Amino acid sequence: MDADTLALTGVVMAMMRAATPLIFAALGEVMTEKAGVLNLGVEGMMLMGAVAAFTAAVTTGSPVLGLVAAMLAGMLMALLFAFLTQTLMANQVATGLALTIFGVGLSAFVGRDMVGQTVEPLAAIQLGALSRIPVVGPLLFGHDPLVYVSLALAAAVWWFLRRSRSGLVVRAVGENPQAAHAIGYPVRLIRYAAILFGGAMSGLGGAYLSLVYTPMWIEGMTAGRGWIALALVVFASWRAERVLLGAYLFGGITIAQLHLQSSGGLAVPSQILTMLPYLATILVLVLISRDETRIRLNAPASLGKLFHPEG
Amino acid sequence: MAFKLEARGASSRRWVYGAPVLAVLLTLVFGGILFALLGFEPLAALYTFFISPLNSAYGVAELLVKAAPLALCAVGLALGFRGNVWNIGAEGQLTMGAVTGGGVALALGDSGAGWWVLPLVMMAGMAGGMLWGMIPAWLKTRFHASEILVSLMLTYVADLFLSMMVHGPWRDPDGYGFPQSPMFGDAATLPILWAGTRLHLGVLLALLAVAVGWFVIARTFIGFQIKVMGLTPVAGGYAGFSHKRIIWMSFLLSGALAGLAGVCEVAGPIGQLQPVISPGYGFTAIIVAFLGRLHPVGILLASLLMALSYLGGEAVQISMRLPLAVTGVFQGMLLFFLLACDVLIRYRLRWLSSVREAG
């Protein structure tokens, strides 16, 4: 295998790693939004997931327990959101913002003793001979387990929403909660479940950052990835399979700008390159939102609206 | 403990004002519990957080210095929130105001010494914030792109832009390599109003902005349009009010005010450009706007309380060795309690066990 192929394989693998936290968070939000709930607290839930995962992994020495802790932390945050928006009928936009502000502060607070600690990162799985096949080996079999989990999850969410009966109910709740309620579906309970799933997945996305991507805890380490995940959901027209496409696109941009920065070949300040993922998010939003009909046809009809069983 | 929410016939005015008070009380109680869990005497800790910062004249002045940017940003945001326009990128508009205003101040250097320098710097700051606010407004009205996500993404871009300028062209050649600009000339610096403290002219500008904000909301046609569009977009549509116009007005005004907040920070307490100029004022202003009931007078009070949460965070950091992030925890907690208490405006709590016994 020559050096170029080796380098390219490395780039593709790095791209997949950069995309994985976005895949988790965006898939969770797809489920939440399909049930008609807009949760802008993804960034806060991811940060809590990241700090919980890291703390649990450092104290117990088990990265798997770290993942469990991250999902629980994300779900606790999501529960707070669900209680406020579903039970107490609070405005979803305001509550989501509150969740992010709270998560940024709380994660920095509980993680204060974790700064500077190190953790054994979640190792890539090794399948012996299979992983040693040139190019295909590492690309197919050389990732850490969570990359495979994220792919399986995309397939599962796609199947659930598109092919399963329960998924149909979730979509019905998101399209027309009044009708779903009239037929006898427990609208609020289903929304609670969808919000909790979103929280668990955001937590997992955060855990990927602190256990695999940059195995350490840094305050505010998500750096806007929660918001990029929210934009990805729009970009993906609320479809799981397109979330993958969008996330890998963003992973590609992230890795490309990192490579340009480290190679130093371009006479551009590093800050301009660091801006690229954020600017790309705006560009993508503009391109996809330009067609208003398309958004209206794809977005869950009751997205962000309050639902009270008695009107 | 199951309960049911019963819709009230009309919003309860009592709870519109009662909810913030109740939320503050709940935050104090839970803050005390949090301090107790961390092993501190709760009342003493709450005293350190909320009272001790105001024990000196300097502390009181600091409160006003920190409240000013919060009030400036929040008044603008409240205008938009009333019309369901969600500018959450005030932090970025604040940063860009500091960049453009600071850029003018640096360009004039020591050469400009006329009375016109300071107004020019202020105007440049407002223009910068306004321009940064125009981007999400344009992308929203022209391409329907979510103003929430665009304005937030632009905050990261603005921070990076500021970082690029102070690491590059604007770096002080005599600054020992620190990423910061030279200090602004005296003519471009806001005068101190209270000797011995950092209380500067920007605090009066913030008060003025609150007054103007009140006027726009209560006494102008655009303020009325924004309110109608926020309450019942359908009625606004029938009345011929333009949604696009409201988005533009909201972003132009809130961008300009956030920009003014930014330029006042760098021309006031900071005195130069540096990589970080705001401890999240633009985000905290969102809480200020809600806590102040989207009303300028309420915002004035709420900005003082939130400014106190910054001072309290610094106080417990020094005397109790707690991280500065305590401020964020308190702020987030307060907003949650507020959103929860707001349910009482529109609904009545009815405990289910008593209903069952009665039925």
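## Two loop residues with positive phi

A:M89 sits in the loop that links α3 and α4 of chain A. This is a predicted model, and in it the phi of A:M89 comes out near 60 degrees, a positive value in a residue that isn't glycine. For context, most residues other than glycine have a negative phi. Is A:M89 buried or exposed? A:M89 is buried, because its relative accessible area is 1%, and the cut-off for buried is under 20%.

Chain A has another case to look at: A:A223, with a positive phi of about 50 degrees even though it is not a glycine either. You'll find A:A223 in the loop between α9 and α10 of chain A. Its relative accessibility is 31%, so A:A223 counts as partly exposed.

## Helix α9 of chain A

Just before the loop that holds A:A223 comes α9, which covers residues 187–213 of chain A. How far does this helix reach from its first C-alpha to its last? The 27 residues of α9 span 37 Å, close to the 39 Å you'd expect at 1.5 Å a residue.

As for surroundings, 21 of the 27 residues of α9(A) are buried, so the helix is largely enclosed by the rest of the structure.

## Where chain A meets chain B

Now for the interface. Chain A puts 46 residues into the contact, and chain B puts in 43. Together the two chains bury about 3900 Å², with 84% of that on carbon and sulfur atoms. On the chain A side, A:I101, A:F109 and A:Q271 are the trio to look up: they supply 16% of the area chain A buries against chain B, more than any other three residues.

Which elements of chain A give two or more residues to the side that touches chain B? They are α3 (63–87), α4 (92–110), α10 (225–235) and α12 (270–289). The largest share comes from α4(A), with 12 residues. Sorted by class, the chain A side has 31 nonpolar, 10 polar and five charged residues.

## Polar links across the interface

How many salt bridges does the rule find between chain A and chain B? Zero. Polar contacts do turn up, though: the rule finds four residue pairs across the interface, with both residues at pLDDT 80 or more. Put that beside the 84% of buried area on carbon and sulfur atoms and the 31 nonpolar residues on the chain A side, and you have the chemistry of this contact in outline.

Terms used: Residues numbered from 1 in each chain as written. Chains lettered and ligands numbered in written order. Predicted model: local features only at pLDDT ≥ 70, side-chain atom pairs only at ≥ 80, totals over all residues. Heavy atoms only, no water. Contact = heavy atoms within 4.5 Å. Buried area = accessible area lost by both parts, 1.4 Å probe. Salt bridge = Lys/Arg side-chain N within 4 Å of Asp/Glu carboxyl O. Polar contact = N/O pair within 3.5 Å; in protein donor to acceptor, adjacent residues only side chain to side chain. Helix = DSSP H or I, 4+ residues; strand = E, 2+ residues; numbered from the N terminus. Nonpolar A, V, L, I, M, F, W, Y, C, P; charged D, E, K, R; others polar. Expected span 1.5 Å × (residues − 1). Buried < 20%, exposed > 50% of the residue type's maximum accessible area, 1.4 Å probe, protein only.
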